Amino acid sequence: MEVEIKKTSTNKKELYDYQKENINNVFDKIENKPSNYNLVFQLPTGGGKTVIFSEIARRFIKEKQKKVLILTHRIELSSQTSKMLDEFGVTNKVITSDVKSLDDQNDFMCFVAMVETLKNRLNDDLLDMKDVSMVIIDEAHYNSFRKLFKYFQDCFILGVTATPLSSNIKLPMNEIYDELLVGEPISTLIERGFLAKATTYTYDVALGGLKVGINGDYTVKSSDDLYTSNIMQDKLLHAYIEKSLGKKTLIFNNGISTSWHVYDTFKAAGYDNIRHLDNTFSKQERSEILRWFKKTPDAILTSVSILTTGFDEPSVDTIILNRATKSITLYYQMIGRGSRVFKNKKTFNVIDLGNNAARFGLWSAPINWKRIFKSPDYYLDNLINDEEIERQFVYDMPKEIREKFKNTEDITFKVKEHYDNAIKRGIKSKVVLDKSVAQHAQMCYENAEDVFEARDLAILLDDDIKDRIKKYSHYMIKSTKNYIMWLEEDYKRKLNTEINMKFKE
């Protein structure tokens with residue numbers, strides 16, 4: 001379920017004010033729009049979508065004396081929906097692949113079904129839907145539901161989603177829905193205490209090696225290649241130790257190989273409180289792991305997409321996005337797994353290792369869903385690209401490295417300023433890197449007792465060097481990967497030479 005429901009002493013459901021308002025807004029459309037109107041309702045993960053559409057189903061059946069069909073895309077969601085309907089006093093039948101006979105369908109006013117199962121039953125003439133007047137679609141941004149719209153052309157269709165942007169960019173939601181109704185934003189739900197507040201920590205990641213697949217998101221293969229590297233595994237472990245040590249942590253990966261690498265990395269570092277979960281696990285294995293995760297305060301669970309929907313563990317303290325995604329839906333789903341308020345938990349952490357916050361904005365930042373619904377192509381075309389994100393990175397020297405250069409007051413170097421200066425003076429832009437080398441050599445000289453110690457210090461400047469060269473190469477026409485690699489090698493050779501010269505002097 002989405003949020004905890006209050007109960008009065010008479011055991012009658014009591015909805016929150018904003019939920020009542022959302023329900024009334026939906027019924028206003030039901031009363032004033034055609035009976036075959038298609039409406040999509042947006043509410044953030046954790047806002048109570050299941051609660052809201054369960055009450056809508058109850059009220060619709062009571063007032064209209066017509067049947068309601070609720071569609072989901074996963075069996076777990078069907079079960080959760082059925083249980084919530086039971087709590088609202090709505091007798092319902094779940095149509096699963098195990099249900100062979102539907103002779104008792106006249107005994108029910110509400111049905112819950114998965115897309116493919118329902119489609120098969122309709123094709124086999126095992127289900128009579130003529131008395132259904134409302135169809136409610138959970139996670140309506142998925143396109144698998146479209147194939148059933150032809151069976152319900154005379155029904156009021158209510159799609160419900162946290163992110164009204166189609167999972168297939170070629171099939172926008174505004175083609176099948178007449179209108180978008182927007183609920184409370186995340187910021188309001190946080191202010192009112194219904195959602196926990198997220199603190200986001202970003203770690204700059206170079207995503208140049210990632211490739212985009214036919215579905216519009218980064219491929220699993222290219223993600224595995226990047227995120228199984230020692231550099232990324234070390235960065236993940238460092239981020240966990242720095243921001244989430246001892247806290248219940250859920251890690252999202254793009255590939256199974258990456259997730260197993262994460263498991264091995266943490267195990268090798270002495271963290272035995274970690275488990276791995278993916279969609280190849282049996283139902284029993286999954287249940288056992290999730291029970292362990294629930295009862296273990298400092299548990300670390302590394303997973304692959306399987307927990308983005310239909311999973312609710314409010315005790316999660318930290319969400320780690322150990323992947324990049326171009327899907328805003330996935331972005332909100334992953335972070336939403338940590339947004340539940342729980343006991344004394346009012347905040348949670350988000351560790352972003354995929355430049356996702358730079359791409360989509362912070363999780364709680366305002367977003368114009370109506371504009372996205374109306375013009376999805378414009379929104380997608382204007383998402384900031386990886387190259388631009390990486391160009392805006394500001395290298396922040398780690399404290400332990402900065403301490404090694406404590407005798408140097410100013411370690412900053414403004415590449416763009418030096419580049420613009422060189423162009424104005426009509427001299428070769430290579431002077432920018434020459435000045436940078438001179439500054440780094442001086443830093444090493446000021447903080448070392450001898451040339452050998454200075455050379456060791458130069459090795460610690462590797463990330464700073466890469467950052468400066470990346471910024472410099474952006475202004476050059478010739479900035480291929482091989483050229484950048486050559487610049488780095490040349491830079492380090494010159495730096496060592498400059499250090500030698502300083503100590504000889």
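Okay, let's start with helix α7, residues 230–243, in this predicted model. How far apart should the ends of a helix with 14 residues be? At 1.5 Å a residue, α7 should span 20 Å, and its end C-alpha atoms are in fact 20 Å apart, so the two agree.

Now look at which parts of α7 are hidden. The buried residues are Met232, Gln233, Leu236, Leu237, Ala239 and Tyr240. They cover an arc of only 160° around the axis, which means they sit on the same side of α7. Turn to the face pointing away from that buried side, and you'll find the exposed residues Asn230, Ile231 and Asp234. So what covers the buried residues of α7? The cover includes the helices α6 (220–227) and α8, plus the strands β11, β13, β14 (318–321) and β15.

Those strands bring us to a sheet. Picture an open sheet of six strands, paired in parallel, in the order β10-β15-β14-β11-β13-β12. Why do β10 (197–202) and β12 (274–277) have one side without a neighbour in the sheet? Because they stand at the edges, each with a single partner strand. Neighbouring strands here are turned by 20° against each other on average, ignoring direction.

Zoom in on the β10 edge. β10 pairs with β15, residues 347–352, in the parallel sense over six bridges. If you want a spot to click on, Ala198 stands opposite Phe348 in β15.

Helices pack on this sheet too. α8, residues 256–268, touches β11 (249–252), β12 and β13 (300–303), and its direction makes about 170° with that of β12. Then there's α9, residues 283–295, which lies across β11, β12 and β13 and runs at about 145° to β12.

Right, on to another sheet. This one is open as well, with seven parallel-paired strands in the order β5-β6-β4-β7-β8-β3-β9. Its edge strands are β5 and β9 (179–182), each pairing on one side only. On average, neighbouring strands in this sheet are turned by 20° against each other, again ignoring direction.

At the β9 end, four bridges join β9 to β3, residues 38–42, and the two run parallel. Phe41 stands opposite Leu181 in β9. Helix α1, residues 17–32, lies across β3, β7 (132–138), β8 (156–161) and β9, at about 160° to β9. Helix α2, residues 49–64, also packs on the sheet: it touches β3, β4 (67–72), β6 (110–114), β7 and β8, and its direction makes about 180° with that of β7.

At the other edge, let's pick one residue in β5: Asn92. Is Asn92 buried or exposed? Its relative accessible area is 11%, and the cut-off for buried is under 20%, so Asn92 counts as buried. Its side chain makes a 3.0 Å polar contact with the side chain of Asp86, and it also reaches the backbone oxygen of Val90 at 3.0 Å. Leaving aside neighbours within four places in sequence, Asn92 is in contact with Ser82, Leu85, Asp86, Phe108, Cys110 and Val112.

Last, let's zoom out. The protein has 20 helices and 15 strands, and its C-alpha atoms fill a box of roughly 95 × 50 × 40 Å along the principal axes. Of its 505 residues, 52% are buried. And take the contacts with a separation of 6 or more: 74% of them are between residues 24 or more positions apart.

Note on methods:
Residues numbered from 1 in each chain as written. Predicted model: local features only at pLDDT ≥ 70, side-chain atom pairs only at ≥ 80, totals over all residues. Heavy atoms only, no water. Buried < 20%, exposed > 50% of the residue type's maximum accessible area, 1.4 Å probe, protein only. Polar contact = N/O pair within 3.5 Å; in protein donor to acceptor, adjacent residues only side chain to side chain. Contact = heavy atoms within 4.5 Å. Pairing = 2+ DSSP bridges. Axes fitted to C-alpha atoms, helices over the stretch in contact; angles between N-to-C directions. Expected span 1.5 Å × (residues − 1). Arc of directions from axis to C-beta.
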